[in-house]
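Load the model in a viewer and keep the selection tool ready. The stops below go from one selection to the next.

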Amino acid sequence: MLGWRRRQGRIGYGQQVDPIAVFAAKNALAVVVVMFIAVQLARFKNLPWVLVLLGALVLAYTTLTNRSVFGRRIYAMGGNPLAARLSGVNVKSVSFWLFVNMGVLSAVAGIVFAGRLNQAGPTAGNMFELDAIAAAFIGGAAVQGGVGKVIGAITGGLIMGVINNGMSLLGAPSERVMLIKGLVLLAAVAFDIWTKRRSGTAR
């Protein structure tokens with residue numbers, strides 16, 4: 001309901017909105033993801049602490065990106081770094097803290113992954129960056145930058161997780177899994193570029 005009201009408000013102001021089919025597909029995907037999580041929680045009969053950690057991170061970063069000056073500066077830099085610098089944004093400082101933030105999140109992810117495997121190795125987490133990039137683009141991040149939501153990236157990550165688990169259950173070799181991931185990433189980037197050109201906002 002909130003998304004529909006936001007969409008109607010943008011239409012009322014003459015702003016660009018997604019086609020109704022894309023809007024419906026996004027909401028249907030969100031419903032499927034929520035139902036999948038609910039079923040998994042019902043099967044395990046408890047609340048995994050990793051899910052609690054993920055919920056806290058999603059809430060914190062959603063508030064940071066949507067309700068803080070620093071979050072607005074991040075979007076401004078992603079949209080146009082030169083314009084952000086001319087607007088008074090300290091681009092170097094924001095970039096520095098973004099890299100620090102990514103280092104902290106990578107450390108947290110490494111601890112969680114090592115705890116899941118109950119061991120640590122030099123090759124653990126290899127090629128996870130492909131999953132992260134694909135999750136961001138699937139979740140709605142733009143190639144040019146300046147667009148994207150935290151919940152969208154989480155949704156993209158869940159989709160990549162489903163692909164990983166599905167290919168693993170099918171017994172697919174690692175090179176085929178990488179091929180499928182690459183095709184998904186390519187399709188997401190191509191769709192983003194196509195939508196930008198169709199709306200006339202591509203740079």
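At what angle do the axes of helix 3 and helix 4 cross, and within what distance do they come? Select residues 49-67 for helix 3 and residues 69-79 for helix 4: in this predicted model, the two axes come within 5 Å and cross at roughly 75°. Angles of 65 to 115 degrees count as roughly perpendicular, so helix 3 is roughly perpendicular to helix 4.

Next, show the side chains at this contact. Helix 3 contributes Leu64, Thr65 and Asn66, and helix 4 contributes Phe70, Gly71, Arg72 and Tyr75. Coloured by residue class, the contact of helix 3 with helix 4 divides into 3 nonpolar, 3 polar and 1 charged.

**The whole chain**

Clear the selection and display the protein chain as a cartoon. The secondary structure comes to 9 helices and 0 strands, giving the pattern α-α-α-α-α-α-α-α-α along the sequence. With only the C-alpha trace displayed, the protein chain spans about 50 × 40 × 35 Å along its principal axes.

Switch to a surface representation. The accessible surface of the protein chain is about 14300 Å², and carbon and sulfur atoms account for 67% of that area. Of the 203 residues in the protein chain, 17% are buried. In a contact map, take the contacts with a separation of 6 or more: 50% of them join residues 24 or more positions apart.

**Val17**

Select Val17, in the loop between helix 1 (2-12) and helix 2 (20-44). Is Val17 buried or exposed? Val17 falls in between and counts as partly exposed, because its relative accessibility is 28%. Beyond its neighbours within four places in sequence, Val17 is in contact with Arg7, Arg10 and Ile11. Then pick the C-alpha atoms of Val17 and Arg6: they lie 9.8 Å apart in space, and the two residues are 11 residues apart in sequence.

**Aromatic pairs**

How many aromatic pairs does a search of the whole structure find? The search finds 2 aromatic pairs.

For one of them, select Phe96 and Trp97. Their ring centres are 5.2 Å apart and their planes stand at 75°, so the pair is edge-to-face. Phe96 counts as partly exposed, at 48% relative accessibility.

For the other, select Phe113 and Phe128. Here the ring centres are 5.0 Å apart and the planes are at 70°, so this pair too is edge-to-face. The pair links distant parts of the chain, with Phe113 in helix 6 (residues 91-117) and Phe128 in helix 7 (residues 128-138), 15 residues apart. Phe113 is partly exposed, with a relative accessible area of 21%. Phe128 counts as partly exposed as well, at 41% relative accessibility.

**Ala142**

Move on to Ala142, in the loop between helix 7 and helix 8 (150-169). Why does Ala142 count as buried? The relative accessible area of Ala142 is 8%, and buried means under 20%.

Which residues does Ala142 touch, not counting those up to four places away in sequence? Display Phe137, Val147, Asp192 and Lys196 around Ala142 to see these contacts. Put a distance label between the C-alpha atoms of Ala142 and Lys196: the separation is 8.9 Å in space, for residues 54 residues apart in sequence.

**Ile193**

The last stop is Ile193, in helix 9 (residues 174-199). Ile193 counts as partly exposed because its relative accessibility is 31%. Add Gln144 to the selection and label the C-alpha distance: Ile193 and Gln144 are separated by 9.1 Å, while lying 49 residues apart along the chain.

How values were computed. Residues numbered from 1 in each chain as written. Predicted model: local features only at pLDDT ≥ 70, side-chain atom pairs only at ≥ 80, totals over all residues. Heavy atoms only, no water. Axes fitted to C-alpha atoms, helices over the stretch in contact; angles between N-to-C directions. Helix = DSSP H or I, 4+ residues; strand = E, 2+ residues; numbered from the N terminus. Parallel < 35°, antiparallel > 145°, perpendicular 65-115°, else oblique. Contact = heavy atoms within 4.5 Å. Nonpolar A, V, L, I, M, F, W, Y, C, P; charged D, E, K, R; others polar. Buried < 20%, exposed > 50% of the residue type's maximum accessible area, 1.4 Å probe, protein only. Areas by Shrake-Rupley, 256 points an atom, 1.4 Å probe, with all protein chains shown as cover. Phe/Tyr/Trp six-rings, centres within 6.5 Å; stacked < 30°, edge-to-face > 60°.
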